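Reader: Please take a close look at how the helices of this model pack against one another, and at the buried residues around them. A plain account, residue by residue where possible, would suit me.

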Amino acid sequence: MATSSEDFKVADWVFDGLVRFDGPTTKIAPALAESWERSENGLIWTFKLRNGVKFHDGTPFTAEAVKVSFERQFIKDHPSYSRRFVRWDGKLGAMKSVEVVDDHTVKLHFSLPQPALLYNLAIYPAYIVSPKSIAGKPDGLVDRPVGTGPFKFVRWEKNNLIELTRNAEYWGEVPKVERVVLRVIPENDVRLLALQKGEIQLTDDVPFNRINDLKADPALDIQTIGAVGFSGIWLNVEKGPLKDIRVRKAIQKAINRERVFKVSFFGLGEISQQAMPPGELGHSTNLPKYDFDPKGAKALLAEAGYPDGFELQFMSFANPRPYFPSPTDGVAIIQADLKAVGIKATVSMATWSDWITRRRAGDFGITVGGWTASTVDPEGVIFPTFHSQFIGEDNASRLNNPKVDALLDKARSTYDNAERQKLYADAMNIIADDAAAVFLVHPVYSLGVRAEVKGVFRNPANQVYLNAATLKK
């Protein structure tokens, strides 16, 4: 039921997956599974499970717990199923069944090969929960999460704090700190002041406009790391004039990406016009690109029958996100750029929850957005955001292109990385030519840390490990 990076962090500390990322890298390491192998046809994965592990409620971790944790998310008549499991299909939707071989051996059966499986098993939808904690109640984890992770849940004061305590019986590296308290501090300035004064020791997503000056403070350690994903503007291809590809291409040409990058992203990250960063699988080297060209934009609008422009609904959230750190500034720049070519964009600022609801319903013309993936693979970036299967979910542009779908389906069912690279790049080229989204920047993640804290980092999958954290008194 986790739907934002704030949710994921708590899950990362309370639960474990079968595998995990190795420290600050994206290399896969054993976790609740000690070893694994896949069948010759790539449809069956066998995992040998760690012995002697216990859930926080004292019950033993076994293969049955893996079966329950997974089946409750895809078997709709399962007593612990919920329609709110929104991430399963995009990550592990090809799972057909879970076979318990013995207490410490489990086989996962799939309808398609799973080249990104280990990445998906290392993140929140695949975390293993205590079967006792959810027996007959899918919402059982909401108020009292029970996993095998390095920290145990203590209490949750909604809109105030969440308290966790060290799991002294943890199977891996037992945390060095006794307690973690997550405080809810919505205002950026208040949160940063609390960090500077030492009232808090860590803060997520330091506002980009403060990163450079805070790096000069010897009492702080401001960390940044490149995210796998993109920042951009979703264009609703089902909405009015945006149905016309010439209009969408006009919008591409109207926006000054460099100015947005400098003002809204404060020069952090990398200007881009595609989903995957350079060096990552799926990055295209021969992408159709759009230069900043207001005259060309006006010509395309005239050709499409809008010589005097048109009115457009522009939705935005106000709170900073990893993929859009200063939405208010970005919206103002983009609104002005559109006005310069005759498009009157009326801005509506939505709360985070309303933005998600309206985005999924297609209740907008264009909207700020983007995607930073926990699955550090194009399957975790391009597939959920542009496959027609996810219209109404995370395919915010509502693109329905059979050629794109076919390429993405084929790419996520082959283990040959060279073939996958070509398929994803070809799909990205079509998406760019369809002008379904204005790609702006490959963003960075940030973490604000007090200097007295050591052993904390954020990895490219947007996880913050606290097992090795120490706090000097």
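**Core and helix packing**

Author: In this predicted model, the largest nonpolar core has 143 residues, and Phe-47, Phe-70 and Leu-121 have the most contacts inside it. Phe-47 is a useful place to begin. Beyond its neighbours within four places in sequence, Phe-47 is in contact with Leu-18, Ala-33, Ser-35 and Trp-36, and also with His-104, Thr-105, Val-106 and Leu-108. Leu-117, Leu-118 and Leu-121 complete the list of residues that Phe-47 contacts.

Trp-45 is placed in strand E4, residues 44-49. With a relative accessible area of 6%, Trp-45 is buried, because buried means under 20%. Not counting residues up to four places away in sequence, Trp-45 touches Trp-36, Glu-37, Arg-38, Val-106, Lys-107 and Leu-108. The other residues touched by Trp-45 are Phe-110, Gln-114, Leu-117, Leu-118 and Tyr-415. Trp-36, Val-106, Leu-108, Leu-117 and Leu-118 thus appear in the contacts of Trp-45 and in those of Phe-47. Ser-353 is 308 residues from Trp-45 along the chain, and the C-alpha atoms of the two are separated by 37 Å.

Val-100, in strand E5 (residues 95-102), is partly exposed, with a relative accessible area of 32%. Leaving out residues up to four places away in sequence, Val-100 touches Ala-63, Glu-64, Lys-67 and Thr-105. Thr-105 is also among the contacts of Phe-47. The C-alpha atoms of Val-100 and Val-444 are separated by 41 Å, and these two residues are 344 apart along the chain.

Helix H1, residues 5-14, is mostly covered, with eight of its ten residues buried. The buried residues of H1 are Ser-5, Phe-8, Lys-9, Val-10, Ala-11, Asp-12, Trp-13 and Val-14. They pack against six strands: E7 (151-157), E8 (161-166), E9 (179-183), E10 (202-204), E20 (457-458) and E21 (464-465).

Two loops that follow strands of this group hold residues with unusual backbone angles. Most residues other than glycine have a negative phi. Asn-159, in the loop between E7 and E8, has a positive phi near 65°. Asp-205, in the loop between E10 and helix H8 (208-214), has a positive phi of about 50°. In burial, Asn-159 counts as exposed at 72% relative accessibility, whereas Asp-205 is buried with a relative accessible area of 14%.

Three helix pairs remain. In the pair formed by H9 (residues 245-254) and H11 (residues 294-303), the axes are 8 Å apart and pack at an angle of about 165°. H9 is therefore roughly antiparallel to H11, since angles over 145 degrees count as such. The crossing is left-handed. On the H9 side, the contact is made by Arg-246, Val-247, Lys-249, Ala-250, Lys-253 and Ala-254. These meet Pro-294, Gly-296, Ala-297, Leu-300, Leu-301 and Glu-303 in H11. By class, the residues of this contact divide into seven nonpolar, one polar and four charged.

For H10 (residues 257-264) and H12 (residues 327-340), the axes are 9 Å apart and the packing angle is about 155°. H10 is thus roughly antiparallel to H12. H10 passes H12 in a right-handed crossing. Arg-259, Val-260, Val-263 and Ser-264 in H10 meet Asp-329, Gly-330, Ile-333, Ile-334 and Asp-337 in H12. Four nonpolar, two polar and three charged residues make up the contact.

The last pair is H15 (residues 402-411) with H16 (residues 417-434), whose axes come within 9 Å and cross at roughly 160°. That angle makes H15 roughly antiparallel to H16. The crossing of H15 and H16 is left-handed. H15 contributes Lys-403, Val-404, Leu-407, Leu-408, Lys-410 and Ala-411 to the contact. Facing them in H16 are Glu-419, Arg-420, Leu-423, Tyr-424, Asp-426, Ala-427, Ile-430 and Ile-431. The contact of H15 with H16 has nine nonpolar and five charged residues, and no polar ones. An α-helix has 3.6 residues a turn, so residues three or four places apart point the same way. That spacing can be followed in H16 through Leu-423, Ala-427 and Ile-430, which are among the residues that meet H15.

How values were computed: Residues are numbered from 1 along each chain as its sequence is written. This is a predicted model: local features need pLDDT of at least 70, side-chain atom pairs count only at pLDDT 80 or more; totals for chains, interfaces and linings use all residues. Side-chain values use heavy atoms; hydrogens and water are left out. Axes are lines fitted to C-alpha atoms, for helices over the stretch in contact, and angles run from 0 to 180 degrees between N-to-C directions. Helices (H or I, at least four residues) and strands (E, at least two) are DSSP runs, numbered from the N terminus. Angles under 35 degrees count as roughly parallel, over 145 as roughly antiparallel, 65 to 115 as roughly perpendicular and the rest as oblique. A crossing is left-handed if the near helix is turned anticlockwise from the far one by less than a right angle, and right-handed if clockwise. Contact means heavy atoms within 4.5 Å. Ala, Val, Leu, Ile, Met, Phe, Trp, Tyr, Cys and Pro count as nonpolar, Asp, Glu, Lys and Arg as charged, and the others, Gly among them, as polar. A nonpolar core is a set of buried Ala, Val, Leu, Ile, Met, Phe, Trp, Tyr and Cys residues joined through side-chain atoms within 4.5 Å. Buried means under 20% relative accessible area, exposed over 50%, partly exposed in between (1.4 Å probe, protein chains only).
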